[in-house]
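Hi,

Here is the structure I said I'd pass along. Have a look at it, and my notes follow underneath.

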Amino acid sequence: MSGVRALMRQPMRTARELPPMASAIVAAAGVFVALLVRANNKKLEEDLEDYEENLEDARDEAEAAKRELGVLKQQLETAAAEEMKLQNAIAEAVRGSASDGAVAA
């Protein structure tokens with residue numbers, strides 16, 4: 001333990017002053033960190049590609065829903081026009097039967 005205390009009391013060493021094994025460890029740690037960063041970047045790129053694909057799918061689905069909504073709107077307008085025609089025909093029939101009744105009386 002006294003060796004550790006003695007090392008702790010010494011000032012920090014520069015990279016040139018480190019023993020060869022320590023320099024190798026520092027270099028290996030640097031390579032390890034670089035590999036971790038590269039792996040993380042690759043994972044982030046894959047996640048970004050997945051996100052972009054999901055975004056394209058969502059846009060396609062939104063466009064399909066928009067087209068379907070347009071078709072439904074057109075069908076609703078057609079049904080409303082048909083309803084108006086039927087109401088007008090019923091009103092005409094009611095007026096016609098009322099005038100027939102007035103003539104008969």
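K43 is partly exposed, at a relative accessible area of 44%. The reason I start there is its partner: K43 makes a salt bridge with D47, and the closest N and O atoms sit 2.9 Å apart. D47 is partly exposed too, at 34% relative accessible area. The two residues are four apart in helix 2 (residues 20-104), so about one helical turn separates K43 from D47. Keep in mind while you look that this is a predicted model.

In total the structure holds three salt bridges. Here are the other pairs.

E82 and K85 bring their side chains together in a salt bridge, at 3.8 Å from N to O. They lie three residues apart in helix 2, which means that about one helical turn lies between E82 and K85. What is the exposure of each partner? E82 counts as partly exposed, with 42% relative accessibility, while K85 counts as exposed, with 55%.

R95 and E92 form a salt bridge as well, with an N to O distance of 2.8 Å. This pair is also in helix 2, and because R95 and E92 are three residues apart, they are separated by about one helical turn. E92 has a relative accessible area of 48% and is partly exposed.

Then there is the acidic part of the surface. Which residues form the negative surface patch? The members are E45, E46, E49, D50, E52, E53, E56, D57, D60, E61 and E63. Take D57 as one of them: D57 is located in helix 2 and counts as partly exposed, at 43% relative accessibility. Patch members need over 30% relative accessible area, so D57 clears that cut-off with its 43%.

As for the overall picture, the protein has two helices and zero strands. How many of its 105 residues, as a percentage, count as buried? The figure is 0% of the 105 residues. The accessible surface of the protein is about 9,700 Å², and carbon and sulfur atoms account for 63% of that.

If you open the model, you could begin with the K43 and D47 pair, go on to E82 with K85 and R95 with E92, and then turn to the negative patch that includes D57.

Cheers

Notes
Residues are numbered from 1 along each chain as its sequence is written. This is a predicted model: local features need pLDDT of at least 70, side-chain atom pairs count only at pLDDT 80 or more; totals for chains, interfaces and linings use all residues. Side-chain values use heavy atoms; hydrogens and water are left out. Buried means under 20% relative accessible area, exposed over 50%, partly exposed in between (1.4 Å probe, protein chains only). Accessible areas come from the Shrake-Rupley method with a 1.4 Å probe; for residues, only the protein chains shown count as cover. A salt bridge is a side-chain nitrogen of Lys or Arg within 4 Å of a carboxyl oxygen of Asp or Glu. Patches are made of residues with over 30% relative accessible area and no salt bridge: like charges are joined within 9 Å, nonpolar side chains (Val, Leu, Ile, Met, Phe, Trp, Tyr) within 5 Å. Lys and Arg count as positive and Asp and Glu as negative; His and the chain ends are not counted. The place of a charge is taken as NZ of Lys, CZ of Arg, CG of Asp or CD of Glu.
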